[in-house]
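Me: I would like to understand the reasons behind the words used for a structure like this one. Could you take my questions in turn and set each value against the definition it depends on?

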Amino acid sequence: MEIRATTDNDRDVFLDTFHTALGRFTEPQADGGGAWWSALEMDRNLLAVTADGRPVGTAGAYSFELTLPGEVIVPAAGVTAVGVLPSHRRRGVLSAMMRHQLGELRARGEFLSVLLASEALIYRRFGYGPATYTSRLTVPRHRAAFAATRAPGTPDAGSIEVVRRAGSGELMEEIYDRYRRAQPGALSRPHRWWASRAGQPPTSPAPRHIAVHRDADGVADGYASYSLDPPGTTLTVDETITADDTVSTALARFVLEHDLVTQIVFKHCPPGHPLRWQLTDFRAGQPSDETDWLWVRLLDVPRALTARGWFTDGELVLDVDDPIGGEHGRHLLTVRDGKAECVPTDREPDLSLDVSDLGSIYLGGTAPSTLVRAGHIRAHRPGVADLADTLFRGERPPHCVHWF
Ligand SMILES: CC(C)(COP(=O)(O)OP(=O)(O)OC[C@H]1O[C@@H](n2cnc3c(N)ncnc32)[C@H](O)[C@@H]1OP(=O)(O)O)[C@@H](O)C(=O)NCCC(=O)NCCS
C-alpha cells in the first residue's frame with residue numbers, strides 16, 4: 001500500500017473515498033461552495049492506495065492558527081477527513097496514514113496538530129489527547145429569569161441588532177477573528193471558510209439569525225448565531241462569539257427573553273460557564289451532551305512548551321513517552337516571569353506521562369492532578385500534581401467552537 005499526497009485533481013476521488021468510508025454519498029456543491037469540504041486544502045491531504053491502484057483511505061489537514069494560554073497565536077495542523085473504506089478496516093491503513101502524516105507535519109516544521117474525534121478510541125494511540133470540552137445547556141423559557149447580581153461590573157451600554165446570516169459574513173468574520181485571538185483553545189477560521197461557506201452553521205449556508213452586539217460607540221463586539229426550529233418551540237444558539245463577559249451576558253439575555261419559544265438550547269457551553277449562576281433558578285439550566293472537543297498532539301515538546309504563556313513560576317521534570325516516534329525524552333521545564341525554558345535533563349522525573357496526556361493538559365483545560373488520580377500520569381513525589389495544576393492553568397479555560 002502507498003500513501004501519497006493529493007493535488008486538486010484528486011478532489012473527487014478523495015471525497016468519494018472519504019464519503020464511502022462514512023457510508024455517505026458526495027452531494028453536488030451549491031454554486032460557489034456551500035459544502036463542508038469547500039475549504040479543504042488539497043495540497044495537504046493524503047490518499048492510501050492499494051498495490052493495484054485502488055484508493056482505500058483518506059486523511060487531510062487544514063492550516064489553522066491556535067490560540068495558546070497567554071494569547072499566543074501559533075500555527076496548528078487541523079487533521080480532518082480521516083476515513084478507511086469498510087472493506088479495508090483493521091489492517092493498519094489508518095496507522096500507516098497517521099504515521100505518514102505526523103512525519104510530514106514535522107518535516108514542515110509544525111509543532112502542534114489538532115483534531116475532532118468521531119470516536120474517543122481512535123486517536124490516543126497516535127499521541128492525541130482531549131484538551132477542550134463542551135456541553136449543551138437547555139433553559140426552559142418560563143424559568144429563564146436572571147437573578148439580581150451584587151457586582152455586575154460595568155452595566156451593558158451596548159445594543160443588539162438582528163441580521164441575517166446571508167448578508168453578514170464579513171462582520172461575523174471580523175468579530176470571530178478578534179474573539180479567537182483572545183480565547184485559549186480557539187482556532188482561526190481562515191477567510192476561505194467564510195468565503196466558500198464551508199463547515200457547519202454559522203459558516204455554512206444554513207439560514208440563521210445573527211444577534212450582533214455593539215458597544216456604546218457602535219463597534220460590533222459579539223454575536224450569537226441562532227435558529228428557531230421548528231418555529232415556536234426551540235431556539236438553538238449555534239455559538240456565542242465574544243471575549244467579553246458583559247457582552248456574552250447581554251446576548252444570553254437577548255435569546256432567553258425571546259417570545260414564542262418554549263426552550264433555549266445553547267450549544268457549545270464551555271465548562272465553568274457563568275450562565276447557570278446568573279439565572280434565578282439554578283436548576284433551570286440543564287447541562288447535557290458533555291463531551292471532548294479539540295484533541296491536541298505535541299509534535300515537538302520543547303517548542304510547544306516554550307511557545308505558550310505561563311502564569312506562575314515553577315520547575316518540573318517531565319518524562320514524556322511518545323510511542324509512535326518523535327520527541328521521546330526527559331525535559332526540564334522552567335517557568336520564570338511568564339516564559340518557559342525546556343531543555344533535556346538527566347534529573348529524576350517529577351511526572352511521567354504519555355505525549356497524549358501532555359496534549360490534554362497543554363492548553364490548561366485538563367488538570368494534571370485529574371490524570372494522576374486516573375492513573376494516566378505518574379507523580380513521583382507528593383505535591384507535584386498540585387504544582388503541575390498551578391503551572392499549566394491558563395488565564396481562562398480553553399474553549400473551541402470551530403467544527404472541521
Ligand atoms: C476509524 C478508522 C479510520 C480506522 O481505520 P483502520 O484502518 O481500520 O485503523 P487501523 O487498522 O490502522 O487501526 C489501528 C488500531 O486502532 C484500533 N481502532 C481503529 N479504529 C477504531 C475504532 N473506531 N474503535 C476502536 N479501535 C479502533 C484498531 O483496532 C487498531 O488497534 P490495534 O493496533 O491494537 O490492533 C475507520 O474505522 C473508519 O474509516 N471509520 C469511519 C470514519 C471515521 O470514524 N473516521 C474518523 C473521523 S475523526
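Reply: Let us begin with one strand pair: β15 and β16 run antiparallel and are joined by seven bridges. Please keep in mind throughout that this is a predicted model.

Me: What makes β15 and β16 a pair?

Reply: Two strands pair if at least two bridges are found between them, and seven bridges join β15 to β16, so the definition is met. Within this pair, D319 stands opposite R330 in β16.

Me: How do you know that β16 and β17 pair, and in which sense?

Reply: There are six bridges between β16 and β17, and the sense is antiparallel; as a pair needs at least two bridges, these strands qualify. One bridge partner of V335 is A340, which belongs to β17. The two strands form a hairpin with two residues between them, and D337 in the turn has a positive phi of about 50°.

Me: What makes β18 and β19 a pair, when the number of bridges is two?

Reply: The definition asks for at least two bridges, and two bridges join β18 (residues 351-354) to β19, which run antiparallel, so this pair is accepted under the definition. L351 has A379 of β19 as its bridge partner.

Me: Why are β17 and β19 said to stand at the edges?

Reply: The open sheet to which they belong has five strands in the order β17-β16-β15-β18-β19, with mixed pairing. β17 (339-344) and β19 (378-379) each have a single partner strand, so one side of each is left without a neighbour in the sheet.

Me: Which strands does helix α10 touch?

Reply: Helix α10 (residues 384-392) packs on the sheet and touches β15, β16 (329-336), β18 and β19, while its direction makes about 100° with that of β15. Another helix, α8 (residues 355-362), lies across β15 (314-321) and β18, and runs at about 100° to β18.

Me: What is the strand order in the sheet of seven strands, and which strands are its edge strands?

Reply: That open sheet has the order β8-β9-β10-β11-β12-β7-β13, with mixed pairing. Its edge strands are β8 (159-164) and β13 (286-292), since each pairs on one side only. Ignoring direction, neighbouring strands of this sheet are turned by 20° against each other on average.

Me: How do you know that β7 and β13 are paired?

Reply: Five bridges connect strand β7 (residues 133-140) with β13 in the antiparallel sense, and the requirement is at least two, so the two strands count as a pair. T138 stands opposite Q286 in β13.

Me: At what angles do helices α3 and α5 run to β10?

Reply: Helix α3 (residues 169-182), which lies across β9 (209-214), β10 (220-228) and β11 (234-241), runs at about 115° to β10. Helix α5 (residues 245-256) lies across β7, β8, β9, β10, β11 and β12 (263-269), and runs at about 25° to β10.

Me: Why are some peptide bonds and phi values pointed out?

Reply: Most residues other than glycine have a negative phi, and most peptide bonds are trans, so exceptions are worth noting. The bond from P201 to P202 is cis, with omega near 10°, and P202 is placed in the loop between α4 (191-195) and β9. R197, found in the loop between α4 and β9, has a positive phi of about 55° although it is not a glycine. A cis peptide bond also joins D229 and P230, with omega about -20°, and P230 lies in the loop between β10 and β11.

Me: What does the contact between domain 1 and domain 2 consist of?

Reply: On this contact, 16 residues of domain 1 meet 17 residues of domain 2, where a contact means C-beta atoms within 7 Å. The side of domain 1 that touches domain 2 receives two or more residues from β3 (55-68) and from β4 (72-84), and β3 gives the most, with five residues.

Me: Why is the chain called as compact as a globular protein of its length?

Reply: The chain has ten helices and 19 strands. Its radius of gyration is 22 Å, close to the 22 Å that the globule rule gives for 404 residues, so the description is justified.

Notes
Residues numbered from 1 in each chain as written. Predicted model: local features only at pLDDT ≥ 70, side-chain atom pairs only at ≥ 80, totals over all residues. Contact = placed C-beta atoms within 7 Å. Helix = DSSP H or I, 4+ residues; strand = E, 2+ residues; numbered from the N terminus. Axes fitted to C-alpha atoms, helices over the stretch in contact; angles between N-to-C directions. Rg over C-alpha atoms; globule rule 2.2 N^0.38 Å.
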